[in-house]
Amino acid sequence: MILGTLCMLASCVGKGKDYLLKPAGMFYAFAGLCAFISLEVMRQSVKRMIESEDTIWIEYSYAWSFACACAGFVLLFLAGITLLVLSMPHMPRNPWETCMDAEPEQME
């Protein structure tokens, strides 16, 4: 997240540094995936602890921090994908015309 934020700040401060949006998007998406993996590990460990014979649980629920981590995962992943889409080059309106406007290659 820190590297993504640094890339975003450098892209916003420096004019013509739009090429930093792609690494920022990848850093944010990767941070979102890491958050998802840590959430799944926590969920599996709670499930395993409840199913063990050593502990007796009557009732359990996930706390507000789990909901915050889920929201963080969604925001990070969506921000990363959005930045990746924004950093992609624009498609021409009619790609066939741009291909046909190119000079023919010389065969030697």
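## A walk through a four-helix model

Let's start at one spot: Ser-87 sits in helix 3. A helix here is a DSSP run of H or I with at least four residues, a strand is a run of E with at least two, and both are numbered from the N terminus. At 18% relative accessibility, Ser-87 counts as buried, which means under 20% relative accessible area, while exposed means over 50% and partly exposed is in between (1.4 Å probe, protein chains only). Leaving aside residues up to four places away in sequence, Ser-87 touches Leu-21 and Lys-22, where a contact means heavy atoms within 4.5 Å.

Before going on, a word about what you're looking at: this is a predicted model, in which local features need pLDDT of at least 70 and side-chain atom pairs count only at pLDDT 80 or more, while totals for chains, interfaces and linings use all residues. Residues are numbered from 1 along each chain as its sequence is written, and side-chain values use heavy atoms, with hydrogens and water left out.

Now step back to the whole protein. It has 4 helices and 0 strands, so reading along the sequence gives you α-α-α-α. Of its 108 residues, 19% count as buried. If you take the contacts between residues at least 6 apart in sequence, 58% of them join residues at least 24 apart. The protein exposes about 9,200 Å², and carbon and sulfur atoms supply 68% of that; the areas come from the Shrake-Rupley method with a 1.4 Å probe, and for residues only the protein chains shown count as cover.

What's on the inside? In soluble globular proteins, nonpolar side chains tend to be buried together. In this model, the largest nonpolar core has 8 residues: Cys-7, Leu-20, Leu-21, Ala-24, Tyr-28, Ala-31, Leu-76 and Leu-83. Such a core is a set of buried Ala, Val, Leu, Ile, Met, Phe, Trp, Tyr and Cys residues joined through side-chain atoms within 4.5 Å. Helix 2 and helix 3 are the elements that give two or more residues to this core, and helix 2 brings the largest share, 4 residues. Leu-21 turns up again here: it's one of the residues that Ser-87 touches. Tyr-28, another core member, has plenty of company. Not counting residues up to four places away in sequence, it touches Met-1, Gly-4, Thr-5, Met-8, Leu-76, Phe-77, Gly-80 and Leu-83.

Next, the aromatic rings. A search of the whole structure finds 2 aromatic pairs. Rings of Phe, Tyr and Trp (its six-membered ring) pair if their centres lie within 6.5 Å, and planes under 30 degrees apart count as stacked, over 60 as edge-to-face and the rest as tilted. Phe-36 and Phe-73 make a tilted pair, 5.2 Å centre to centre with 35° between the planes. Phe-36 belongs to helix 2 (residues 21–51) and Phe-73 to helix 3 (residues 64–87), so this pair ties together parts that are 37 residues apart in sequence. Ring pairs link Phe-36, Phe-73 and Phe-77 into a cluster. Phe-36 is partly exposed, at 41% relative accessibility.

Other pairs also bring distant stretches of chain into view. Leu-33, in helix 2, is partly exposed at 40% relative accessible area. Its C-alpha atom is 7.1 Å from that of Phe-73, even though the two are 40 residues apart along the chain. Over in helix 3 you'll find Cys-70, partly exposed at 28%. Cys-70 and Gly-32 are 38 residues apart in sequence but 9.5 Å apart in space, C-alpha to C-alpha.

Helix 2 also holds a charged pair. Glu-40 forms a salt bridge with Arg-43, their closest N and O atoms being 2.7 Å apart. The rule asks for a side-chain nitrogen of Lys or Arg within 4 Å of a carboxyl oxygen of Asp or Glu, and by it the count comes to 1 salt bridge. The partners are 3 residues apart in helix 2, so about one helical turn separates them. Both are partly exposed: Glu-40 at 28% and Arg-43 at 30%.

Finally, the surface. Ile-2, Leu-3, Leu-6, Leu-9 and Phe-27 make a nonpolar patch of about 510 Å². Patches are made of residues with over 30% relative accessible area and no salt bridge, with like charges joined within 9 Å and nonpolar side chains (Val, Leu, Ile, Met, Phe, Trp, Tyr) within 5 Å. Helix 1 (residues 2–13) gives the patch its largest share, 4 residues. One of the patch members, Ile-2, is exposed at 67% relative accessibility. Ile-2 and Phe-27 are 25 residues apart in sequence and 8.5 Å apart in space, C-alpha to C-alpha.
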